[in-house]
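Here are my notes on this one, jotted down as I went through it. Have the viewer open while you read, since I jump around the chain a bit.

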Amino acid sequence: MALLTLPQLERHLFGAADVLRGRINSSEYRDYIFGMLFLKRCSDEFQKEYEKNYAWAIKEWGWTAQEARKYAERRRIYADTFFVPARARWWAGPHIECTEDGEPLSTEHPGIQELTQGVGAELDKALRKLEADNPAIRGVLGHIGFNRQTGQQGKLSDGELRDLIRHFCKYRLRNDDFEFPDMLGAAYEYLLARFADDGGQRGGEFYTPRPVIRMMVRLVDPHAGDTVYDPCAGSGGMLIFSREYVEEHGENPEHLSVFGQEKNGASWALAKMNMLLHGIWDADLRNGDTLTEPMHVVDHANHPINFETGDHEHKRAGTRLRTFTKVLSNPPFSLNYDLAAVQRVESSHGRMAFGYTKPDSKKADLMFVQHMISVLEEHGVAATVMPHGVLFRGGEEKRIREKMLHDDVIEAVIGLGPNLFYGAQLPACILILRRPGGKPKCSDHDKCAENPQCAEHKVLFINADREYVAGRAQNELGPQHAEKIVAAYRHRLEIDRYSRVVSTDELLAADANLNVRRWVDNSQSPEPQDVRAHLYGGVPRSEVADRIDQFNAYGVWAYNLFTERDEHYLDFLPEGTDATAARIPVLTAAKEAELMAAFEEWWTDHTTMISNLPETKQLLTLRGDLVDSFTKELAPLGVIDEYDAAGVIADWWMTNRYDFKALAAGGYDRVLEGWVHSIEAMLAPTEGPGGKTKQPTPADRRRALEHPLVKHLIPEYLAELTKAEAAAAEAEAAYQAALAEFNSSTTASAADDSEDGDEQTSEPIVTEADVKQLRSVRTKANKKRSDLQKLFLHELNAAAEMAIAAGESEPHVLTVMQENLGSRLAQVVTAGRSELVAIYQGWVEKYRVSLRDLEAVSQEADAKLREWLKELGYGA
């Protein structure tokens with residue numbers, strides 16, 4: 001059976017929403033789809049183990065079918081997968097309920113895929129029984145109800161739920177069926193993002209945009225042996241991506257322990273399910289309010305305490321907070337909090353060492369910050385998202401900031417762009433935090449104050465509020481922006497108008513105002529205007545000098561775009577400004593060609609690193625090597641700077657990261673097959689309500705044909721199809737033109753006959769025979785195009801099989817990847833070149849016509865007017 005690709009699985013899972021669309025509100029899709037997905041996944045994995053145990057008992061022990069079935073029903077033998085009880089099994093039964101030891105009972109169940117009546121109630125019972133038999137998911141599925149009222153529309157009918165079941169029957173959801181491990185987890189993340197989009201502001205309750213999470217994980221840099229904690233876990237993204245980060249560095253993710261707490265029950269359930277679908281069974285996730293009841297505590301012997309059972313007050317006595325090496329979180333912004341409840345636990349935990357804000361002021365933000373600092377190990381580090389207000393608000397928050405600066409717990413403040421987070425259109429920031437005395441020590445303490453690389457008693461400010469990709473509803477932190485932020489933080493770089501290191505003494509002298517723009521002003525400078533140039537003409541040499549580095553990067557000496565006027569001003573060339581602007585791309589061509597040649601050489605030198613991935617499995621090590629070498633070899637040539645270079649390849653990696661995972665899991669053949677299957681999925685009919693199928697649209701067919709693999713595998717077919725499509729379009733146009741001409745002449749002839757029946761009419765230019773002949777040509781052209789279109793998948797699969805058999809998957813995959821990266825590089829180069837043209841045209845708009853020129857023109861026009869009036873006899 002062909003392995004499922006991620007695009008196929010994503011399309012399949014979100015296609016479940018199409019089955020429900022129009023029957024319930026989009027905000028209610030989530031629970032139904034996640035519940036059905038979890039049931040199907042658990043059953044598919046369990047079925048494999050169940051059948052293996054059944055077959056083993058017959059083969060190895062010679063047991064009867066009845067004895068083997070009894071053995072396969074024993075719950076205790078399923079240590080590495082969920083035990084799925086008879087009521088919750090998906091595949092066709094009958095399934096007989098049994099005791100824990102496998103003794104059959106009298107009740108039978110048909111299997112979920114065979115349900116016909118009372119479907120909602122049966123699905124709910126299946127979820128409850130699955131929870132009851134598996135303590136690891138206790139409470140996770142309780143909020144899902146297939147049989148409940150859905151708004152004003154009542155319950156989903158049996159037929160509607162059967163449509164949903166039928167949809168989920170399309171694919172088996174075992175790890176063995178996926179092109180790379182953890183693919184189901186990746187698809188779950190895709191669903192979370194889609195549901196967060198649909199939820200709008202409410203999406204922020206459980207979902208932090210993944211580009212921000214990935215960057216935050218890189219900032220704290222977790223490794224095997226670390227402990228990672230999120231006190232406001234949402235859907236668990238911070239913890240999951242920490243594990244992924246460790247795994248992609250070639251380390252064992254099982255050696256990273258993850259902990260979290262989440263107040264909202266539905267979000268906690270999402271996080272638990274997210275962990276389990278990512279294969280993370282040992283995550284310690286608690287449901288409760290972190291501020292009033294922190295649940296990750298240990299006793300005097302450093303043993304964890306479980307608050308889920310027993311008296312909380314008794315268990316809290318004699319305990320202390322558990323500490324962690326890394327803390328990552330995005331707490332809900334500007335909440336009220338219960339001051340008395342927080343103070344009740346302070347005698348045991350002492351978290352709020354820097355003070356309290358007013359509890360009714362919607363300012364719990366710094367309460368969360370203090371909790372995170374208090375749970376850090378000695379050299380631990382925390383990264384948390386905060387609203388900008390915590391940086392500059394007065395009153396109690398100011399006093400808290402002052403104490404935090406005195407204790408030197410703030411390592412960095414990173415300003416982010418607007419509208420990156422659901423429900424928070426204003427810009428947010430990220431605080432990097434340490435315990436008192438926990439910042440990395442400077443090797444030369446005497447020179448600490450002058451050394452920006454030293455973090456003690458200093459705060460690094462990074463102003464990245466202009467670093468985002470604008471979106472229609474939501475902006476996004478691009479990989480290039482994340483690269484620049486991470487580089488500035490890791491190396492404590494001071495970059496003009498972007499980052500700066502400020503001493504805590506200077507910050508305290510400024511009333512502990514940490515507003516990023518106060519310390520790093522990145523506001524755009526006003527466009528310079530030279531009054532003398534406006535009056536008398538010329539282009540100021542100073543303005544050209546200010547831009548000289550940009551032109552030099554492209555190999556253009558900017559002064560050659562002008563002619564000399566005097567020591568302070570230049571003139572435009574006699575050839576005209578349009579001609580000069582048109583020459584700029586010609587002048588940049590040599591430098592651009594040099595850059596692209598260097599790219600080709602870099603690619604040739606580094607493809608071995610990519611090809612070794614199936615053996616090394618070290619995804620992020622490969623990523624780091626590619627980013628570093630790409631930047632090191634291309635940035636010195638000019639044209640693009642180091643941040644643009646890093647952004648280009650980081651964006652390329654992020655777009656293709658799942659292809660790299662497939663490569664690590666199964667080599668180049670796996671990637672090639674995956675692309676072919678993804679193309680097939682684009683052209684596969686989709687299932688709608690009532691089992692009806694919807695055929696692919698012309699846009700779907702176009703996307704399939706435009707997949708970059710197609711032109712490499714079947715170029716001859718593609719050329720023939722393109723020719724046939726052009727012929728069909730030409731035949732259609734000729735037929736329609738002839739038909740219109742024939743109808744027009746026929747109508748005109750009829751009108752002439754009605755006016756004067758005796759007058760002889762001329763023969764029409766287009767006859768009925770001509771129309772019929774052109775219609776026949778159109779029919780043949782359309783048939784040829786249609787026949788070729790039907791051959792597309794056959795040709796593609798045949799070519800893919802031949803390539804794999806001939807051992808040619810690697811060059812095909814690498815060529816596609818190279819072209820993709822090369823096109824991204826070319827886009828950045830083109831944008832830079834266009835900016836040079838825009839700079840020149842800006843000078844043209846400002847200085848081409850001076851006041852003196854305007855006066856001369858006005859005087860000339862006035863003289864002509866006077867002369868004309870004089871000729872008419874009106875002169876003086």
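1. Let's start with helix α13. D365, L366, M367, F368, V369, Q370, H371, M372, I373 and S374 are buried there. That makes 10 of the 10 residues of the helix (residues 365-374), so α13 is largely enclosed by the rest of the structure. Keep in mind that this is a predicted model.

2. What sits over α13? The cover on its buried residues includes the strands β3 (227-230), β7 (320-321), β8 (324-329), β9 (376-387) and β11 (428-433), along with helix α14 (396-406). If you want to look at the surroundings of α13, those elements are the ones to colour.

3. Next, a helix pair. Helix α15 (residues 479-490) packs against helix α24 (residues 642-682) at about 125°, and their axes are 7 Å apart. An angle over 145 would count as roughly antiparallel and 65 to 115 as roughly perpendicular, so α15 and α24 come out as oblique to each other. The crossing of α15 past α24 is right-handed.

4. Who makes that contact? On the α15 side you'll find P479, Q480, E483 and K484, and on the α24 side Y643, A646, G647, A650, D651 and M654. By type, the contact residues of α15 with α24 split into five nonpolar, two polar and three charged.

5. On to charges. Over the whole structure, a search turns up 48 salt bridges. Side chains of opposite charge can pair when their charged atoms come close. I picked out a few for a closer look.

6. One of them joins D133 and K129, whose side chains meet at 3.5 Å, N to O. D133 has 13% relative accessibility and therefore counts as buried. K129, at 28%, counts as partly exposed. The pair is also part of something wider: R75, E100, K129 and D133 are linked in a network of salt bridges.

7. Then there's D282 with R243, a salt bridge whose closest N and O atoms are 3.7 Å apart. D282 is in the loop between α9 (265-277) and β5 (284-287), while R243 belongs to helix α8 (residues 237-248), so the bridge ties together parts that are 39 residues apart in sequence. Which partner is buried, and which is partly exposed? R243 is the buried one, at 6% relative accessibility, whereas D282 is partly exposed, with a relative accessible area of 46%.

8. A further salt bridge runs between D465 and R517, with the closest N and O atoms 3.0 Å apart. This pair links distant parts of the chain, 52 residues apart: D465 is in the loop between β12 (458-463) and α15, and R517 is in helix α17 (residues 516-519). Here the acid is buried, D465 having a relative accessible area of 15%. R517 is partly exposed, at 37%.

9. Last stop: Q8, in helix α1 (residues 6-20). Its relative accessible area is 11%, under the 20% cut-off, so Q8 is buried. What does Q8 touch, leaving out residues up to four places away in sequence? The partners are L3, Y171, H677, S678 and A681. Of these, H677, S678 and A681 fall within the residue range of helix α24 (residues 642-682), the helix from points 3 and 4.

Definitions and conventions: Residues numbered from 1 in each chain as written. Predicted model: local features only at pLDDT ≥ 70, side-chain atom pairs only at ≥ 80, totals over all residues. Heavy atoms only, no water. Axes fitted to C-alpha atoms, helices over the stretch in contact; angles between N-to-C directions. Helix = DSSP H or I, 4+ residues; strand = E, 2+ residues; numbered from the N terminus. Parallel < 35°, antiparallel > 145°, perpendicular 65-115°, else oblique. Left-handed = near helix turned anticlockwise from the far one by under 90°. Contact = heavy atoms within 4.5 Å. Nonpolar A, V, L, I, M, F, W, Y, C, P; charged D, E, K, R; others polar. Salt bridge = Lys/Arg side-chain N within 4 Å of Asp/Glu carboxyl O. Buried < 20%, exposed > 50% of the residue type's maximum accessible area, 1.4 Å probe, protein only.
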